[in-house]
Amino acid sequence: MIQKFIELGEGYADIYELIELGTLMPTRIQHTIAFYSEKNGQPVASLALVLKPSRDKFQPIYICREGIPNPHEKPNQRFDLFKEMAASAGKEVAEFTIKPSNMFPETELFYQHLIGILRTNKFISPLS
């Protein structure tokens, strides 16, 4: 199984595209996830949709990286809309506290770290 993060952006306006993807494909959503970290002294959230694998054994994970405030620190409408979309798909938003992406020399290494977290917590399957 190939799992890959597909970054839509950093969550300012592109969070609405992530919400639209979830709204249009609610039956494909396997998990909705909020990753919390502190970047440049600010508490931020990355929001992600883990979709069910395709027939080609590819599992996309759409993400908006570190672009909205952590809703536990500063409530915001973008997170509320994401949570509403998740609820309408029958999902709860799983929450993880992680290291920020700027602690990794490359963004791809950050995403590999997140895949490891998701596999360890059995949110996605290991490679087969």
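Start with the whole surface: the protein chain exposes about 7,100 Å², and carbon and sulfur atoms supply 51% of that area. Accessible areas come from the Shrake-Rupley method with a 1.4 Å probe, and for residues only the protein chains shown count as cover. What you have open is a predicted model, in which local features need pLDDT of at least 70 and side-chain atom pairs count only at pLDDT 80 or more, while totals for chains, interfaces and linings use all residues. Residues are numbered from 1 along each chain as its sequence is written, and side-chain values use heavy atoms, with hydrogens and water left out.

**The whole chain**

Switch to a cartoon view. You should find three helices and five strands, in the order β-α-β-β-β-α-β-α from the N terminus. Helices (H or I, at least four residues) and strands (E, at least two) are DSSP runs, numbered from the N terminus.

Next, display the C-alpha trace, which spans about 40 × 35 × 25 Å along its principal axes. The radius of gyration of the protein chain is 14 Å, which agrees with the value near 14 Å for a compact globule of 128 residues. That radius is taken over C-alpha atoms, and the globule rule is 2.2 Å times the number of residues to the power 0.38.

Colour by accessibility if your viewer allows. Buried residues make up 47% of the 128 residues; buried means under 20% relative accessible area, exposed over 50%, and partly exposed in between (1.4 Å probe, protein chains only). Of the contacts (heavy atoms within 4.5 Å) with a separation of 6 or more, 64% are between residues 24 or more positions apart.

**Strand S5 and its aromatic partner**

Now select phenylalanine 96, in strand S5. Phenylalanine 96 is buried, at 13% relative accessible area. Show its neighbours: leaving aside residues up to four places away in sequence, Phe96 touches Ile33, Ala34, Phe35, Tyr36, Ile117, Leu118, Asn121 and Phe123. For a distance to check, the C-alpha atoms of phenylalanine 96 and isoleucine 117 are separated by 8.9 Å, although their positions lie 21 residues apart along the chain. Keep phenylalanine 96 selected and add phenylalanine 123, which is buried too.

How many aromatic pairs are there? The count comes to five; rings of Phe, Tyr and Trp (its six-membered ring) pair if their centres lie within 6.5 Å, with planes under 30 degrees apart counted as stacked, over 60 as edge-to-face and the rest as tilted. Phenylalanine 96 and phenylalanine 123 form an edge-to-face pair, 5.3 Å centre to centre with 75° between the planes. Phenylalanine 96 lies in strand S5 (residues 93–97) and phenylalanine 123 in the segment after helix H3 (107–120), so the pair ties together parts that are 27 residues apart in sequence.

Then select Phe5, Phe104, Phe110 and Tyr111, which ring pairs link into a cluster.

**Loops and the segment after H3**

Move to proline 53, in the loop between strand S3 (42–51) and strand S4 (58–69). Proline 53 is partly exposed, with a relative accessible area of 35%. Not counting residues up to four places away in sequence, Pro53 touches Met1, Arg28, Gln30, Phe58 and Gln59.

Two residues with positive phi come next. Asparagine 40 has phi near 55°, sits in the loop between strand S2 (29–39) and S3, and is exposed at 67% relative accessible area. Lysine 122 has phi near 60°, belongs to the segment after H3, and counts as exposed at 72% relative accessibility.
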